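This report walks through one protein structure, beginning with its strands and going on to its helices and ligands. Please keep the sequence and the structure in view while reading.

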Amino acid sequence: MRPLWVVLGGLCVALAHPAATARGDRALVVVSFDGFRPDYLGRGLTPVLDGLRAEGSRAAYMHNVFPTKTFPNHHSIATGLYPESHGVLGNSVYDVARDRRIGYGPQLYSNPGVTPIWTLNQMAGGGRHSGVMMWPGGEFSYNGVLPTFRQPYDLQVGWESRVDTVVGWLVHPSTPANLVMLYFEEPDRRAHAFGPDSPEVRYHIQKLDNITRYLRQKLAAHNLMDRVNVVQLSDHGMEAVTLARIINITDFVSTSQFKMIDTSPVIQLFPVKACNPSALVDVCRLTEVIRRRTQEWSSCGVLLWKKLEYFEKTHKPATFTTIFPHQNIRPWGYRQSN
Ligand SMILES: *[C@@H]1O[C@H](CO)[C@@H](O)[C@H](O)[C@H]1NC(C)=O
Ligand SMILES: *[C@@H]1O[C@H](CO)[C@@H](O)[C@H](O)[C@H]1NC(C)=O
Ligand SMILES: [Zn+2]
């Protein structure tokens, strides 16, 4: 039997066959290429991925969650929950109660009752072991459980070495992994610096196509093709911006009056405790400028939400504890102190 290779959201999925279970049985490898826009596949740069589509299967699209940020989307993929439910609301959030920014770390990910798939896999027992290669949030414990194999984010670890390591997890003599999450930071990283249409991104799309070939070769060399399913996906796309379409927030809002948390595509503004009332007028002015420019740039989506509006306009989570209990939603950018 050949593995079924499945491409999602423009990428592929190779499903060897039904779900992976205990050791010696089938395994699943989920590969994420950060910020891989679906149309990167149509640029004639990806012969390997294109070939996999023919022998595997491909989803027409994958709908990312909002915000289109790496940590919220990867955690939605890992948990099946929207950001307001899994709590990873941005790459950074603001803890109002303790007046502190929370960046990448266990606190960003510690939300009771939220358990990623690699942890659930291990908790299911029966010899199931998970391996997490740099997947955001993968090196922290949930319910007191750590994945048997894990490599925290470290750009010094080369791509082929990541593949070698995860294949080693799959064939581990005593505790082989039946679930592996494998992360690559490109083409997101270069696209942020150079734009999605740059030669740098072109090069990295090709490099990712090559690492896909390498992964296949390694699986084949270890006789894993019949028992490993591969799902390849991405967390979000990428859009080019031009200087002419930038609204410089610092022209309108004083950085001494507001905390600015996270950025691109969503910046969270929090008035400082001793905020000067006139600073709030500045925000109204900014709102007005955004409204006007958004009309001028008819195709461009710059939006300003008050903190509760955002989730009301998109979707309401089934239940949530918040600092506004009567609202039953967690307002944008807010975290409870633990
Ligand atoms: C991808 O692999 C091909 C074939 O081995 C090679 O010619 C090319 O230089 C590689 N590209 C990158 C960006 O690694
Ligand atoms: C935005 O404004 C700040 C302060 O006015 C300035 O330092 C910065 O260079 C500006 N950024 C851009 C992209 O124009
Ligand atoms: Zn990303």
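Which residue of strand 9 does valine 132 stand opposite? The partner of valine 132 in strand 9 is methionine 181, and the sections below place this pair in its surroundings.

## The model as a whole

The structure is a predicted model, and every value in this report should be read with that in mind. The protein contains 10 helices and 12 strands, and 39% of its 338 residues count as buried.

Contacts between residues that lie far apart along the chain are a useful thing to look at in any fold. Among the contacts in this protein that join residues at least 6 apart in sequence, 65% link residues at least 24 apart.

## Strand 9 and its neighbours

Strand 9 covers residues 179-184, and six of its six residues are buried, so the strand is largely enclosed by the rest of the structure. The covering applies to both faces, since Leu179, Met181 and Tyr183 are buried on one side, while Val180, Leu182 and Phe184 are buried on the other. Strand 9 pairs with strand 3, which holds residues 27-33, and the two run in the parallel sense over six bridges. Within this pairing, phenylalanine 33 stands opposite phenylalanine 184 of strand 9.

Strand 7, made of residues 130-133, also pairs with strand 9 in the parallel sense, here over four bridges. Serine 130 stands opposite leucine 179 of strand 9, and valine 132 stands opposite methionine 181, the pair asked about at the start. Both faces of strand 7 are covered as well, with Ser130 and Val132 buried on one side and Gly131 and Met133 buried on the other. Strand 7 is further joined by three bridges to strand 8, residues 149-151, and these two strands run parallel. Valine 132 takes part here too, for its bridge partner in strand 8 is arginine 150.

## A mostly covered helix

Helix 2 spans residues 70-79, and nine of its 10 residues are buried, which leaves the helix mostly covered. The buried residues are Thr70, Phe71, Pro72, Asn73, His74, His75, Ile77, Ala78 and Thr79.

What lies over these buried residues? The cover includes strand 3, helix 3 (83-86), helix 5 (117-123), helix 7 (188-194) and strand 10 (228-233). Strand 3 has thus appeared twice, as a part of the cover of helix 2 and as a parallel partner of strand 9. After helix 2 comes glycine 80, which has a positive phi near 75°.

## Two helices in contact

Two packed helices are described by the angle between their axes and the distance between the axes. Helix 1 (residues 47-55) and helix 8 (residues 199-221) pack at an angle of about 55°, and their axes are 7 Å apart. Helix 1 is therefore oblique to helix 8. Pro47, Val48 and Leu49 of helix 1 make the contact with Asp209, Thr212 and Arg213 of helix 8. Sorted by class, this contact has three nonpolar, one polar and two charged residues.

Helix 8 also holds arginine 202. Is arginine 202 buried or partly exposed? It is partly exposed, because 17 other C-beta atoms lie within 10 Å, whereas a residue needs 20 or more to be buried. Along the chain, arginine 202 and leucine 45 are 157 residues apart, yet their C-alpha atoms are separated by 7.5 Å.

## A buried residue in strand 11

Isoleucine 261 belongs to strand 11, which consists of residues 258-261. This isoleucine is buried, because 21 other C-beta atoms lie within 10 Å. Isoleucine 261 and serine 92 are 169 residues apart in sequence, but from C-alpha to C-alpha they are 6.5 Å apart in space.

## The surroundings of the ligands

Ligand 1 has Tyr203, Gln206, Lys207 and Asn210 around it. By class, this shell has one nonpolar, two polar and one charged residues.

Ligand 2 is surrounded by Ile246, Asn248, Thr250 and Asp251. The shell of ligand 2 divides into one nonpolar, two polar and one charged residues.

Key
Residues are numbered from 1 along each chain as its sequence is written. Chains are lettered from A and ligands numbered from 1 in the order in which they are written. This is a predicted model: local features need pLDDT of at least 70, side-chain atom pairs count only at pLDDT 80 or more; totals for chains, interfaces and linings use all residues. A residue is buried if 20 or more other C-beta atoms lie within 10 Å of its own, exposed if 12 or fewer, and partly exposed in between; C-beta atoms are placed from the backbone. Two strands pair if DSSP finds at least two bridges between them. A residue is near a molecule or strand if its C-beta atom, placed from the backbone, lies within 6 Å of it. Ala, Val, Leu, Ile, Met, Phe, Trp, Tyr, Cys and Pro count as nonpolar, Asp, Glu, Lys and Arg as charged, and the others, Gly among them, as polar. Axes are lines fitted to C-alpha atoms, for helices over the stretch in contact, and angles run from 0 to 180 degrees between N-to-C directions. Angles under 35 degrees count as roughly parallel, over 145 as roughly antiparallel, 65 to 115 as roughly perpendicular and the rest as oblique. Two residues are in contact if their C-beta atoms, placed from the backbone, lie within 7 Å.
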